[in-house]
Amino acid sequence: MSAPSNRRTAQTTTLSVIEAISVIYKESKSSGLKKPLMRTLSKELKIVAKYLHSTEEEAFIFSNIVTMNMFGEQVDMIDMFRFFDITPFDLVPYLPALNKLVEKGTINKRRQRRRSDDSMRKYYYSVPSQILDNLMNNQPFPVREHGVMLDQIEAMGKLYDLTHECVQESIDPDEMHLEMEELLKKNTHFPLISFISNLEITETDRAIFVYVLWKSMNGSTRVDLDDVINSFFKIPSHKINYMQGIYNQENKLIKQDLLEYNQGRFFNDIEFNITDKTRDLLETTGVKLIKQKSKNGTIKPDTITSKELFYEKDEQEQIGKVQHMMETEMYHELMGRLKEKGLPQNLNILLFGAPGTGKTETVLQLAKASGREIMKVDISQ
């Protein structure tokens, strides 16, 4: 049997990346970033640096930010000052490593919402989900040039994320346009991204086109842009001028037959949908819409993919009853009984539950099974 000291040495030698990160985090907390710290953590830093393909200083910053993220924290400068128990000047030697991590895409840097006037809390730092997933699943670090996506769907998703972050006030419009331009340039080898990049339209038009495209690719027939357009303009008069171009059908997205403007169903609604030209473009670039909509805005049952859903016993019984009532013969019989009693002739079903529990998919599968079309309506409208 090995002696305790030998066993400890063996464990240290085979330390995993996650274990190394944990040690770095624990030793770094309230350390004051004193000089012996980096020497003490030399073995662990080498393990993390090798995984990240980075320097030990970058591995040190990464390890602490990723662990704080795991605690659910959006890490800003003040969080780091408090964590390390240091003054702002003590962190200065590590800023090049932090900036390098941001430049390589190993760390995301985003503007805080409604904190743009506080320089220390202006930005927060987080680890991208793909890097975190690979780390937690003991997979290799995803090495690729920063900003280069695996496919055009991922690229479109990243472009949409920029527009969404602007709407959420995590970044301002100028930052959104700059990051979008960089992302487009690095992914023009994809047909759809190349098309978007080469359009002779304004930066705002491009952002709106990306937003509507992504929503359409996710099944929307009409996309409400009221909040989106508000977020894309810092100066109210610029927004008003932009809207005048839409109302007068002078906007380039409309003139080039890329999007159609529809007056919303309520006073200030601004709704767009893609045109047949854009739908054909998606097809030719290899992108198929998730659910093709009929002309009256409904989802046809033959376009819904069959899926087997699993429920708890009580829910399964209730779904079974609903499905039985929706069968043609039973439905007509039920409507006849309601008519005889002078009651409204319709079938109302209320589904409730947390996001992701299958409410929408249940409706789709009921429609598929009964051969009925569905009209999807945004409850806010």
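Is Tyr 160 buried or exposed in this structure? At 11% relative accessibility, Tyr 160 counts as buried, because buried means under 20% relative accessible area, exposed means over 50%, and partly exposed is in between (1.4 Å probe, protein chains only).

Before going further, a word on what you're looking at. This is a predicted model, where local features need pLDDT of at least 70, side-chain atom pairs count only at pLDDT 80 or more, and totals for chains, interfaces and linings use all residues. Residues are numbered from 1 along each chain as its sequence is written, and side-chain values use heavy atoms, with hydrogens and water left out.

**How far to trust it**

pLDDT is the predictor's confidence in each residue, from 0 to 100. The protein's mean pLDDT is 82, and 85% of its residues reach 70 or more. Helices (H or I, at least four residues) and strands (E, at least two) are DSSP runs, numbered from the N terminus. Among these elements, helix H2 (residues 17–28) has the highest mean pLDDT, 96, while helix H1 (residues 4–13) has the lowest, 40. Over residues 1–13 the pLDDT is below 50, and this stretch has two contacts in the model beyond near neighbours in sequence. A contact, by the way, means heavy atoms within 4.5 Å. Residues 291–295 also stay under 50, and there the model has 15 contacts beyond four places in sequence. Where pLDDT is low, the predicted coordinates should not be read in detail.

**Rings meeting rings**

Now back to the aromatics. A pair of aromatic rings is described by the distance of the centres and the angle of the planes. Rings of Phe, Tyr and Trp (its six-membered ring) pair if their centres lie within 6.5 Å; planes under 30 degrees apart count as stacked, over 60 as edge-to-face and the rest as tilted. A search of the whole structure turns up eleven aromatic pairs. Here are two of them:

| Pair | Centres apart | Angle of planes | Type |
|---|---|---|---|
| Tyr 51 and Phe 141 | 5.8 Å | 75° | edge-to-face |
| Tyr 160 and Trp 214 | 6.1 Å | 25° | stacked |

The Tyr 51 and Phe 141 pair links distant parts of the chain, 90 residues apart: Tyr 51 is in helix H4 (residues 42–52), and Phe 141 is in the loop between helix H9 (129–136) and helix H10 (152–167). Both Tyr 51 and Phe 141 are buried. The Tyr 160 and Trp 214 pair also links distant parts, with Tyr 160 in helix H10 and Trp 214 in helix H13 (residues 203–217), 54 residues apart. Trp 214 is buried too, with a relative accessible area of 19%.

There's also a cluster: Tyr 25, Phe 60, Phe 71, Phe 83, Phe 84 and Tyr 94 form one aromatic group.

**Two strands and their surroundings**

Strand S1 (residues 108–111) and S2 run antiparallel and are joined by four bridges; two strands pair if DSSP finds at least two bridges between them. One bridge matches Asn 108 with Ser 126 in S2. In S2 (residues 123–126), Tyr 123 and Tyr 125 point one way, Tyr 124 and Ser 126 point the other way, and all are buried. Lys 109 lies over the face of Tyr 123, at 4.4 Å from the ring centre. The rule for that is NZ of Lys or CZ of Arg within 6 Å of the ring centre and within 35 degrees of the ring normal.

Just before S1, Thr 106 lies in the loop between helix H8 (95–104) and S1. Thr 106 is buried, with a relative accessible area of 4%, and its contacts include Leu 52, Ile 131 and Phe 141.

**One face of H9**

Which residues of H9 are buried? They are Ile 131, Asn 134 and Leu 135. Seen down the axis of H9, they fall within an arc of 100° (taken from the directions from the helix axis to the C-beta atoms), so they line one face of the helix. These residues pack against H2, H4 and H5.

**Unusual backbone angles**

Most residues other than glycine have a negative phi. His 53, in the loop between H4 and helix H5 (56–70), has a positive phi near 60°, and at 54% relative accessibility counts as exposed. Gln 249 also has a phi near 60°, but is partly exposed, with a relative accessible area of 40%.
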